Amino acid sequence: MSHPATSPLATPAPPSSTPSRSRAGAAPGGSPGAAHPARKSARRRQLGAAGVLMTPFFALLVTVFLIPVLTAAWLSFFSEDHPGLGFAERRTVFVGLRSYAAVLTDPTFLGSLGTVVLYSAIYIPLLVIGSLVLALLLDSGVVRLRSWAQLALFLPHAVPGIIAALIWLYLYTPGISPVIALFARGDITIDFLGYHTVLPSIVNIALWSNIGYNMVVFYAALQAVPREIIEASVVDGAGPVRTALQVKTPLVRSSIVMVAMFTLIFALQLFTEPMLMSWSTPMINARFSPSMYIYDAAFTRNNYSLAAAASVILLLFTIALSYGVTRWTNRANAPEEAAR
């Protein structure tokens, strides 16, 4: 029996089901994954450069802030005990929160907190408004010889705080002050170191020292305001005062908040001016401000546990006030941000 003949045409092979290798992500002349090590290497270099640049900041932060704060917190929980009517050897004992309770129940410390709060309530608005007005005047071109005016206003800030306090103490002291003698010729008697005037006198010293510096901060912020906005307000008919209050001032609000925040922090640390003036007037005692209270506790009463506890309380009080100002500012700015 003969078998049927086989067809001479070969059946075509089915197409391969294995997909071809994609070359879209392949690096030129290399494997597809060659780009990933290059990206990782570049990221490592960036992180290394950032670490090198940030190392001095973190070193200073740890050295001048974290270590002192942790040391003060540790000292506040311990105190020196003198057993045996003070004749036995001193020993350090754990007292827990006893030093904090002593500080918070001390009326002199609470009074010093009230003093710096009142000082801040007078000083901060005067400083912010005064320096902002001066910066607006310089920016408007009303003041001639602008560079010389900036130098004259900034120059008091270059005077050290102790020297500034001594200068004004000389002007405040009766018998040697030419200012008091000048007022006396007109039958005007002013006691700058009296009960009701000593705090405004301290505010005046701080304003004289710092208003020029903050004026420069505001003036720099005003220079960054686009001139097109100012020209548009003038075209719309806004006068100089309206332009300053309704156009320029809102645009430098972040600088105003920053100046107010830093001024608050420094105001709560009031020490130099009242410390020097305490030698000339009985209206300023050794615990006039929290910083003076801490100084008196540490170096006059030798109670380092009490001084450390007061330092920690002052730090927490400053943080709480700063946080409150920040939250209030954010809430005030929220409607404007939403409108944008």
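**Close-up views of a predicted model**

**View 1. Helix 4 passes helix 7 in a left-handed crossing.** This is a predicted model, so keep that in mind for every view here. Helix 4 covers residues 146–158 and helix 7 covers residues 198–223. Their axes come within 5 Å, and they cross at roughly 135 degrees. That angle makes helix 4 oblique to helix 7. Which residues make the contact? From helix 4, look for R146, Q150, L153, F154, P156 and H157. From helix 7, look for W208, S209, N210, G212, Y213, M215, V216 and Y219. Sort the residues of this contact by class and you get eight nonpolar, five polar and one charged.

**View 2. Helix 8 meets helix 9 in a right-handed crossing.** Here we've moved along to helix 8 (residues 227–235) and helix 9 (residues 240–251). The two axes come within 11 Å and cross at roughly 160 degrees. Is helix 8 roughly parallel or roughly antiparallel to helix 9? Angles over 145 degrees count as roughly antiparallel, so with a crossing of roughly 160 degrees, helix 8 is roughly antiparallel to helix 9. On the helix 8 side, the contact is made by I229, I230 and S233. Helix 9 brings T243, V247, K248 and L251. By class, that contact has four nonpolar, two polar and one charged residues. Hang on to K248, one of the helix 9 contact residues, for the next view.

**View 3. D139 and K248 pair up in a salt bridge.** Side chains of opposite charge can pair when their charged atoms come close. In this view, the side chains of D139 and K248 do it at 2.7 Å, N to O. D139 sits in helix 3 (residues 107–140) and K248 in helix 9, so this pair ties together parts that are 109 residues apart in sequence. Are these two residues buried or exposed? Both D139 and K248 are buried. There's another partner to find as well: R227 joins D139 and K248 in a network of salt bridges. How many salt bridges turn up in a search of the whole structure? That search finds four.

**View 4. D296 meets R287 and also R301 in salt bridges.** Start with R287, whose side chain meets the one of D296 at 3.2 Å, N to O. Then find R301, whose side chain meets the one of D296 at 3.0 Å, again N to O. Now for how accessible these residues are. D296 has 8% relative accessibility, so it counts as buried. R287 comes out at 26%, so it counts as partly exposed. R301, at 32%, counts as partly exposed.

**View 5. A297 has its place in helix 12.** Helix 12 covers residues 290–299. Is A297 buried or exposed? At 0% relative accessibility, A297 counts as buried. So what does A297 touch, if you don't count residues up to four places away in sequence? The list is N302, N303, L306 and A307. Before leaving this view, try looking back along the chain to A286, which is eleven residues from A297. The C-alpha atoms of A286 and A297 are separated by 9.6 Å.

How values were computed:
Residues are numbered from 1 along each chain as its sequence is written. This is a predicted model: local features need pLDDT of at least 70, side-chain atom pairs count only at pLDDT 80 or more; totals for chains, interfaces and linings use all residues. Side-chain values use heavy atoms; hydrogens and water are left out. Axes are lines fitted to C-alpha atoms, for helices over the stretch in contact, and angles run from 0 to 180 degrees between N-to-C directions. Helices (H or I, at least four residues) and strands (E, at least two) are DSSP runs, numbered from the N terminus. Angles under 35 degrees count as roughly parallel, over 145 as roughly antiparallel, 65 to 115 as roughly perpendicular and the rest as oblique. A crossing is left-handed if the near helix is turned anticlockwise from the far one by less than a right angle, and right-handed if clockwise. Contact means heavy atoms within 4.5 Å. Ala, Val, Leu, Ile, Met, Phe, Trp, Tyr, Cys and Pro count as nonpolar, Asp, Glu, Lys and Arg as charged, and the others, Gly among them, as polar. Buried means under 20% relative accessible area, exposed over 50%, partly exposed in between (1.4 Å probe, protein chains only).
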